[in-house]
Amino acid sequence: MRILVPLALGALILVGWEYLVWYFQIRKFILPAPSMIGEALVTDYQTLLVSLWNTMVVTVSALSIAIVLGVAFAVLFAQSRIIEISLYPYAVILQVTPIVAIAPFILIWVGLDHINRALLILATIVAFFPILSNTTLGLKSVDHNLLNLFDLYRASRWQRLKELQFPAALPYLLGGIKISGGLALIGAVVAEFVAGSGTGTGLAWRIVESSNRLNIPRMFAALFLLSAFGISMFFLLTLLERLLLRKWHESAVRREN
Amino acid sequence: MAVDHIVALPAGTRAMEAKPPLIELNEVGKSYLNGTVALANASLTIGHGEFISLLGPSGCGKSTLLRLIAGLGSISRGSIGWPQASKAAGHMGDLGFVFQDPTLMPWATVFNNIYLPLKLAGVGRAAAAAQVSEVIKMVGLEPFAHTYPRELSGGMKMRVSIARALAVKPRVLLMDEPFAALDEITRFRLNNDLLQLWQSQQWTVIFVTHSIFESVYLSNRIAVMSSRPGRIVADLAIDAPYPRGEAFRMTPTYNDYCRLVSVELARAMSENEEEH
């Protein structure tokens with residue numbers, strides 16, 4: 001049901017789109033019909049797939065690094081209030097700085113020969129904050145009675161972290177990862193747009209190149225692949241969340257009422 | 001003076017035999033940073049194998065006192081001593097604590113929740129399995145060893161909490177109004193189960209409650225506390241034999257004791273009010 005209904009709606013929209021283009025005789029470089037986009041997908045599939053792969057690699061790598069760093073800093077913040085107070089504002093600065101603004105700077109920094117490194121850094125910056133913020137909240141949101149219980153049994157700091165705070169923080173962390181997944185993708189795409197001409201290899205670059213050459217169907221095809229990747233990633237992360245939480249968390253548990 | 005007065009027992013009862021002292025509370029006081037004085041000069045000697053209730057009105061500091069005995073939080077004045085504890089061990093590992101809320105880890109099964117204190121003490125899973133299973137059996141939750149807390153009723157969750165407290169084979173069981181949140185039928189059943197276990201396992205039980213009826217039914221000694229700042233104002237022996245069944249609730253002895261305790265409690269509550 002959850003899969004069929006959106007798909008059906010999507011199919012309806014595609015059909016309507018095709019019809020409108022035909023009816024109003026819209027030129028293909030203004031709004032191509034779905035059939036044209038499909039054609040471009042098939043013809044150019046090799047180049048498009050390579051670009052898709054490149055974007056996927058950057059996105060997934062950025063997300064992974066963001067998770068590792070986000071959780072590490074969150075653990076640090078949960079251990080020491082001083083560290084949290086001193087470092088948190090800088091983390092916020094990272095979040096609110098638009099990467100379009102700092103992208104040129106980062107590019108020069110890593111050297112124009114290593115565009116992919118710059119893309120990775122920028123995408124990681126964008127994806128980092130939700131994980132840090134959510135995990136910090138989760139680590140601190142432990143039932144104080146459970147904390148008392150752990151004190152009573154003389155648990156070490158590490159034990160408390162592993163047995164109590166981590167499982168308690170998991171729902172929050174997974175929520176943060178779902179958000180950061182999409183952000184990592186956006187970061188990778190935007191960074192590539194800003195990186196400019198010639199050396200880009202991801203889907204964003206394909207979009208820019210296609211629009212420059214007025215190959216609008218191919219541009220749309222690249223856009224479609226981008227969206228498809230984003231949606232798939234979101235669903236995969238949601239599935240992961242449900243899998244990890246379905247035994248016990250209110251959000252994922254199946255109930256009769 | 002340790003207590004303000006010791007009440008004369010109803011005629012025909014005998015005084016309780018003196019038990020070797022296990023915990024000595026000596027003029028214990030607890031104040032918080034914002035100026036609230038939770039406890040003032042609470043003194044009490046708890047003996048081995050007793051089932052003693054701390055009875056008092058809401059906010060009188062009985063839970064605070066229990067937590068101080070457990071080592072949670074610091075004492076502002078006075079001392080709590082364990083005369084029989086060796087210098088090295090203190091009272092470590094010998095305490096079971098049951099909160100008013102079951103306080104279970106929702107992400108862990110019943111087995112894993114009960115295994116927790118042993119895990120924290122470094123006991124391996126395989127080594128602990130026998131002990132955990134035994135305790136699960138003791139509280140009657142064998143078929144539920146691998147269920148999650150969300151699938152259990154309130155009474156069952158409380159049993160898990162009790163089982164967890166028993167997992168380390170404690171000498172002393174500290175219970176903070178454990179049955180207060182349960183319905184009456186479950187409460188009565190758990191009362192009886194607790195008494196049965198106490199008779200076979202012989203722990204010392206310190207039971208915080210605000211219910212006169214519960215304290216008389218369960219314990220052989222009741223320490224009545226005044227309202228805040230808390231102080232032990234009466235120390236009563238409930239000298240009725242064990243095992244006590246539901247029928248005990250209908251006997252004149254039970255009702256006499258309840259009346260007695262009720263009078264003491266009322267007096268305790270009004271004392272502090274007069275002073276203010």
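## Strands and helices of chains A and B

User: Which residue is the bridge partner of B:Leu174 in S7(B)?

Analyst: In this predicted model, B:Leu174 has B:Ile206 as its bridge partner in S7(B). Residues are numbered from 1 along each chain as its sequence is written, with chains lettered from A and ligands numbered from 1 in the order in which they are written. Local features need pLDDT of at least 70 and side-chain atom pairs count only at pLDDT 80 or more, whereas totals for chains, interfaces and linings use all residues.

User: Why are strands S6 and S3 of chain B called partners of S7(B)?

Analyst: Strands (DSSP runs of E, at least two residues, numbered from the N terminus) pair if DSSP finds at least two bridges between them. S6(B), residues 172–176, is joined to S7(B) by 5 bridges and runs parallel to it, and S3(B), residues 51–55, is likewise joined to S7(B) by 5 bridges in parallel, so both meet the criterion. In the second pair, B:Ser53 stands opposite B:Phe207.

User: What makes S7(B) a mostly covered strand?

Analyst: A residue is buried if 20 or more other C-beta atoms, placed from the backbone, lie within 10 Å of its own (12 or fewer is exposed, in between is partly exposed), and 6 of the 6 residues of S7(B), 204–209, are buried. In a regular strand the side chains alternate between the two faces of the sheet. Here B:Thr204, B:Ile206 and B:Val208 are buried on one side, and B:Val205, B:Phe207 and B:Thr209 on the other.

User: Which helix joins S6(B) and S7(B) in a β-α-β unit, and what is its hand?

Analyst: Helix H5(B), residues 184–201, makes this unit with the two strands, and the unit is right-handed; that name applies if, with the strands pointing away from the viewer, the path from the first strand over the helix to the second runs clockwise.

User: Why do S2(B) and S4(B) count as edge strands?

Analyst: The open sheet of 3 strands has the order S2-S1-S4 in chain B, with antiparallel pairing. S2 (37–47) and S4 (77–81) each have a single partner strand, so one side of each is left without a neighbour in the sheet. S1(B), residues 21–31, is joined to S2(B) by 7 bridges, and B:Val28 has B:Ala42 of S2(B) as its bridge partner.

User: What divides the residues where chain B touches chain A?

Analyst: The contact (C-beta atoms, placed from the backbone, within 7 Å) takes 15 residues from chain B and 15 residues from chain A. The chain B side divides into 12 nonpolar, 1 polar and 2 charged residues.

Technical notes:
Helix = DSSP H or I, 4+ residues; strand = E, 2+ residues; numbered from the N terminus. Contact = placed C-beta atoms within 7 Å. Nonpolar A, V, L, I, M, F, W, Y, C, P; charged D, E, K, R; others polar.
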